[in-house]
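Okay, everyone, thanks for coming. Let me put the chain up on the screen and then walk you through it.

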Amino acid sequence: MRVALGRRLRYVFWPRLFPIMISVIKKLFGSSSSSRPQAGQQAFAPGTILFVDDEPEVRKLARVCLEQAGYKMIEADDGQKAIDLYHAERENIGLVVTDVLMPRLDGLGLATHLHKEDPELPILLLSGHMLEEDLWAEGNARLRYLMKPYRLQDLESAVVDLVGPAAQPSVGT
């Protein structure tokens, strides 16, 4: 991967580490049954979405899309801040949506860290880079991948697939 810095090109060797991180995530996430209540089960609630992306515009668009669909969202601009937010809001968070490439702690590192703390937490990875297809196999119910650029309706569909539809607001009588 080349990153343009002025007139000079700088090579970033992150792609060489990418296959290693993918294999670590495969080992961690595996394919076991979930003990979290699923959509349609008693006590199911989709929870708050922790959306992690270093681009404010992306977070803003996601907030508009997901809140219009009825979800509650909190956001972080890097993986380390996401971990701090997760610790503060752990009981409320039902899904983490994260960009893969970010400063400080990237999305794969965040996914690995959070999975160690809560193996049942669903995670949606967002990236403009192609990832290994078999990581997103049907048996892996807690981890999904959405290729950038994506349509907002694709984001919403992926969220619904992982945590079910947003709770409908109760109608007062």
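Let's start with helix α4, which is mostly covered, with eight of its eleven residues buried. The buried set in α4 is Gly107, Leu108, Gly109, Leu110, Ala111, Thr112, Leu114 and His115. And yes, before someone asks, this is a predicted model. At the N-terminal end of α4 there's a cap from Asp106, with a side-chain oxygen 3.3 Å from the backbone nitrogen of Leu108.

Now, what does α4 connect? Well, strand β5, residues 93-99, pairs with β6 in the parallel sense, over four bridges. Between those two strands the chain passes through α4, residues 107-117, and the resulting β-α-β crossover is right-handed.

So how enclosed is β6 itself? Five of the five residues in that strand, 123-127, are buried, so the rest of the structure largely encloses it. As a reminder, in a regular strand the side chains alternate between the two faces of the sheet. In β6 both faces are covered: Ile123, Leu125 and Ser127 are buried on one side, Leu124 and Leu126 on the other.

β6 has a neighbour in β7 too, residues 143-147, running parallel and joined to it by five bridges. If you want one residue to click on, take Leu124. Val97 has Leu124 as its bridge partner in β6, and Leu124 in turn has Arg144 as its bridge partner in β7.

Right, on to charges. The structure holds ten salt bridges, and I'll show you three. The background is simply that side chains of opposite charge can pair when their charged atoms come close.

Number one is Arg63 with Glu67, at 2.5 Å, N to O. Both of these sit in helix α2, residues 56-68, four residues apart, which is about one turn of the helix. That spacing is the familiar one: an α-helix has 3.6 residues a turn, so residues three or four places apart point the same way. Arg63 is partly exposed, at 25% relative accessible area, and Glu67 is also partly exposed, at 38%. This pair isn't on its own, by the way: Arg59, Arg63, Glu67 and Glu75 are linked in a network of salt bridges.

Number two is Asp78 with Arg104, at 3.2 Å, N to O. This one links distant parts of the chain, 26 residues apart: Asp78 is in the loop between β4 (73-76) and α3 (79-89), while Arg104 is in the loop between β5 and α4. Which partner is buried and which is exposed? Asp78 is buried, with a relative accessible area of just 5%, whereas Arg104 is exposed, at 61%.

Number three brings us back to α4. Arg90 and Glu117 meet in a salt bridge of 3.3 Å, again N to O. Arg90 is in the loop between α3 and β5 and Glu117 is in helix α4, so this pair ties together parts that are 27 residues apart in sequence. Arg90 counts as partly exposed, at 31% relative accessibility, and Glu117 does as well, at 25%.

A couple of backbone things, then. Most residues other than glycine have a negative phi, and most peptide bonds are trans. Here's a residue to set against the phi part: Arg104, which we met a minute ago, has a positive phi of about 65° although it is not a glycine. And for the peptide bonds, have a look at Lys148 to Pro149, which is cis, with omega near -10°. Pro149 is in the loop between β7 and α5, residues 152-163.

Last item: how confident is the predictor in all this? The mean pLDDT of the chain is 76, with 63% of the residues at 70 or more. Over residues 1-13 the pLDDT is below 50, and that stretch has 15 contacts in the model beyond near neighbours in sequence. Residues 39-44 also stay under 50, and there the model has twelve contacts beyond four places in sequence.

If you take one picture away, make it β6, with five of its five residues buried and parallel pairing to β5 as well as to β7. Okay, that's me done; shout if you want to see any of it again.

Terms used. Residues are numbered from 1 along each chain as its sequence is written. This is a predicted model: local features need pLDDT of at least 70, side-chain atom pairs count only at pLDDT 80 or more; totals for chains, interfaces and linings use all residues. Side-chain values use heavy atoms; hydrogens and water are left out. Buried means under 20% relative accessible area, exposed over 50%, partly exposed in between (1.4 Å probe, protein chains only). Two strands pair if DSSP finds at least two bridges between them. A crossover is right-handed if, with the strands pointing away from the viewer, the path from the first strand over the helix to the second runs clockwise. pLDDT is the predictor's confidence in each residue, from 0 to 100. Contact means heavy atoms within 4.5 Å. A salt bridge is a side-chain nitrogen of Lys or Arg within 4 Å of a carboxyl oxygen of Asp or Glu. A polar contact is a pair of N or O atoms within 3.5 Å; within protein, one must be able to donate a hydrogen and the other to accept it, and residues adjacent in sequence count only if both atoms are side-chain atoms.
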